[in-house]
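Colleague: Could you take me on a close look at one part of this protein? I would like to hear how the surface looks around one spot and how that spot fits into the rest of the chain.

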Amino acid sequence: MLSEVLLVSAPGKVILHGEHAVVHGKVALAVALNLRTFLRLQPHSNGRVGLNLPNIGVRRAWDVASLQLLDTSFLGGPRRTWS
């Protein structure tokens with residue numbers, strides 16, 4: 001179980017040319033933006049997982065037990081369980 005806060009981020013990107021060409025193995029021209037997306041994982045003992053997107057006014061929470069019942073067979077791997 002996660003015992004401390006984990007913060008990760010990734011830069012934004014813009015595909016200037018060839019967005020759909022990469023599907024066919026062709027080259028695309030992409031550039032990074034000086035904008036980032038951040039993800040913070042923080043442990044809680046209440047048995048819930050939450051999503052907070054303050055810039056667009058979205059806040060949701062789910063019980064971990066209900067998420068474990070979801071069908072993940074479309075992912076192509078073994079069914080995962082949360083610990």
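Modeller: Happy to; what follows starts with the whole chain and then moves to the loop around one asparagine and to a nonpolar patch.

Please keep in mind that this is a predicted model. The protein has 1 helix and 4 strands, and along the sequence these elements follow the pattern β-β-β-β-α. Of its 83 residues, 4% are buried. The protein exposes about 7700 Å², with carbon and sulfur atoms supplying 58% of that area. As for how the chain folds back on itself, take the contacts between residues at least 6 apart in sequence: 35% of them join residues at least 24 apart.

Now to the loop. Asn-46 sits between strand E2 (29-41) and strand E3 (48-53). Is Asn-46 buried or exposed? Asn-46 counts as exposed because its relative accessibility is 52%, and the cut-off for that class is over 50%. Its side chain also has a partner: the side chain of Asn-46 reaches the backbone nitrogen of Arg-48 at 3.1 Å. Arg-48 is where strand E3 (48-53) begins, so this contact links the loop to the start of that strand.

Asn-46 can also be placed relative to a residue further along. Asp-63 is 17 residues away along the chain, and the C-alpha atoms of Asn-46 and Asp-63 are separated by 8.7 Å. Asp-63 belongs to strand E4 (residues 58-63), which runs antiparallel to E3 and is joined to E3 by 6 bridges. One of the pairs is Val-49 with Trp-62, its bridge partner in E4. The hairpin of E3 and E4 has 4 residues between the strands, and there Gly-57 takes a positive phi near 70 degrees.

On to the nonpolar patch, which lies on the surface. Val-14, Leu-16, Leu-29, Val-31, Leu-33 and Leu-35 form this patch, and together they have about 490 Å² of accessible area. Strand E1 (6-17) and E2 each supply at least two of its residues, while E2 gives the largest share, with 4 residues. In a regular strand, side chains alternate between the two faces of the sheet.

Val-14 is a good residue to finish on. It is located in strand E1, and it is partly exposed because its relative accessible area is 31%. That value falls between the limits of 20% and 50% for this class, and it also passes the requirement of over 30% for a patch residue.

How values were computed
Residues numbered from 1 in each chain as written. Predicted model: local features only at pLDDT ≥ 70, side-chain atom pairs only at ≥ 80, totals over all residues. Heavy atoms only, no water. Buried < 20%, exposed > 50% of the residue type's maximum accessible area, 1.4 Å probe, protein only. Polar contact = N/O pair within 3.5 Å; in protein donor to acceptor, adjacent residues only side chain to side chain. Patch = residues over 30% accessible without salt bridge, like charges linked within 9 Å, V, L, I, M, F, W, Y side chains within 5 Å. Areas by Shrake-Rupley, 256 points an atom, 1.4 Å probe, with all protein chains shown as cover. Salt bridge = Lys/Arg side-chain N within 4 Å of Asp/Glu carboxyl O. Contact = heavy atoms within 4.5 Å. Pairing = 2+ DSSP bridges.
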